[in-house]
Amino acid sequence: MTAEPVNPGEQDRRIETAKPRRALLTLLLVAVAIPPLTYFSKPLVRALKSPSPLHVGGTSFPESKRQFEQESIGPEPAWNSQITNVQMVDLDQDGLLDVIVCDALRSQVIWYRQHPQGDWEEHVLGSDLLVPAHATVADLDQDGDQDVVVAILGDLFGTDRYSGRVVWLEQTADGFVPHVILDDVRRVTDVRVGDLDGDDDYDIAVAVFGYSIGQILWLENRGGEAFRDHVLLHAPGTIHVPLADFDGDGDLDIAAVVSQEEEEIWAFENKGGGEFHSRRLHVSDNFDIGSAGLIQDDLDGDGDPDLIWPVGDNLEYEFSYPQPYHGCIWFENKGDWEFEPHRIANFGGAYAAAAGDIDGDGDRDVVLVSMVNEWQEPGNPCIVWLENDGSQQFQVWRVADRPTHLTTVACGDLDGDGRDDIVAGVMKKMLKHTDRDGRVVSWRSGDQP
């Protein structure tokens with residue numbers, strides 16, 4: 001077939017007419033493509049709006065002048081440890097701090113009971129708990145003994161499946177009995193217990209991380225195993241929901257860190273009777289900063305609770321590297337819901353924080369652990385402590401460079417010497433054997449030469 005001849009002027013008009021049609025088609029294709037990309041490829045979306053991480057050489061600090069005695073707790077160090085949470089608490093109320101561990105590999109919550117001689121005895125509190133993320137010890141039923149409330153992820157890696165649960169391990173004469181008090185939700189990362197509605201029983205704040213879909217809610221205690229859920233915020237990526245009386249009015253408020261869409265810190269002011277007013281306290285202009293958690297502590301000793309924000313999670317990338325913006329930020333409570341940020345440490349791959357009086361001088365220090373501090377570089381620590389000079393000026397000291405890949409940490413006085421000690425857990429992202437493997441490790445704070 002012979003093509004119909006087209007004169008040059010007519011051809012130009014056709015080209016000009018085609019341009020807006022092609023532009024419209026492109027816009028339609030983009031509009032159709034973005035929702036699936038957002039849902040199924042959240043790391044790609046984050047990468048598009050944030051600069052790619054730089055491969056830098058990690059972070060190093062001078063060795064601590066204070067001595068620390070390092071000890072493994074529980075089984076021998078493993079190459080494939082997946083410890084998601086450690087807590088220090090006196091579970092059996094014998095006057096000695098114990099260690100509660102969430103072990104994703106074993107799907108268990110484990111109690112390491114401390115004996116007066118300083119040795120440890122392992123007790124499994126709950127099994128068949130698929131990827132427990134956080135355990136909170138509290139007398140939920142107010143019968144005089146300590147129970148454990150557990151946040152269940154259901155999947156270690158990002159998903160929006162309804163895999164999350166909240167499980168209450170009720171302490172009885174026959175052991176700890178599990179009760180599922182919330183299911184049919186996405187991945188649950190944190191639970192905290194307190195009287196949130198002023199009716200003298202214990203309610204639960206819940207962080208639902210999800211992946212592209214998540215929420216913050218609280219569970220109203222209706223008696224027995226009955227809890228009614230109330231949604232406070234719809235947002236993906238909530239990690240921790242610490243409770244404290246942040247405004248000094250006598251009731252418990254809820255704070256939260258949200259990491260998946262924006263890097264935000266929220267507060268939910270308790271107005272009484274189960275009513276909460278939401279406040280966004282902070283949003284980062286660096287979408288890649290990597291929120292890794294949130295704890296509350298009165299770091300400056302002025303009588304009100306502050307917030308401590310470790311940042312260093314970039315595990316959405318195939319290869320995670322320490323970044324110059326990783327570290328720890330202290331949000332000083334100035335009153336009237338104003339929180340002033342202070343960067344108190346730069347630390348590559350900072351993944352968890354805890355506060356305690358490490359040197360026994362009466363002020364609050366901070367401990368940080370790292371997930372990815374470029375372990376090939378000699379001297380790059382896995383754990384540091386930030387010595388508070390009493391005026392919230394912090395000197396960072398290296399505690400140890402092994403085991404690597406620490407993701408959870410707690411502080412408490414294990415041996416009763418007036419100085420807080422440290423317990424941390426290992427989460428191996430790359431499952432391979434190294435000479436610096438570990439599982440659950442303690443560092444007891446000793447004398448300073």
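Good morning. I begin with an open sheet of 4 strands, arranged in the order β10-β11-β12-β13 with antiparallel pairing. Its edges are formed by β10, residues 188–194, and β13, residues 227–234; each has a single partner strand, so one side of each lacks a neighbour in the sheet. On average, and ignoring direction, neighbouring strands here are turned by 20° against each other. Please bear in mind that this is a predicted model.

Staying with the edge strand β10, its partner is β11, residues 203–208, to which it is joined antiparallel by 6 bridges. Within that pairing, valine 191 has valine 206 of β11 as its bridge partner.

Let me now turn to the chain as a whole. It contains 2 helices and 28 strands. Of its 449 residues, 56% count as buried. Among contacts between residues at least 6 apart in sequence, 49% join residues at least 24 apart. The exposed surface comes to about 19,800 Å², with carbon and sulfur atoms supplying 50% of it.

Where, then, is the largest nonpolar core? Seven strands each supply at least two of its residues: β22 (350–356), β23 (365–370), β24 (383–388), β25 (394–400), β26 (406–412), β27 (421–426) and β28 (440–445). This core has 21 residues, and those with the most contacts inside it are Val367, Ile383, Leu406, Val409, Ile422 and Trp443.

I close with tryptophan 443. Beyond its neighbours within four places in sequence, tryptophan 443 is in contact with residues including Ile383, Leu406 and Ile422. Its contacts also include Phe68, Glu69 and Gln70, as well as Arg402 and Asp421. Thank you.

Terms used:
Residues are numbered from 1 along each chain as its sequence is written. This is a predicted model: local features need pLDDT of at least 70, side-chain atom pairs count only at pLDDT 80 or more; totals for chains, interfaces and linings use all residues. Side-chain values use heavy atoms; hydrogens and water are left out. Two strands pair if DSSP finds at least two bridges between them. Axes are lines fitted to C-alpha atoms, for helices over the stretch in contact, and angles run from 0 to 180 degrees between N-to-C directions. A nonpolar core is a set of buried Ala, Val, Leu, Ile, Met, Phe, Trp, Tyr and Cys residues joined through side-chain atoms within 4.5 Å. Buried means under 20% relative accessible area, exposed over 50%, partly exposed in between (1.4 Å probe, protein chains only). Contact means heavy atoms within 4.5 Å. Accessible areas come from the Shrake-Rupley method with a 1.4 Å probe; for residues, only the protein chains shown count as cover.
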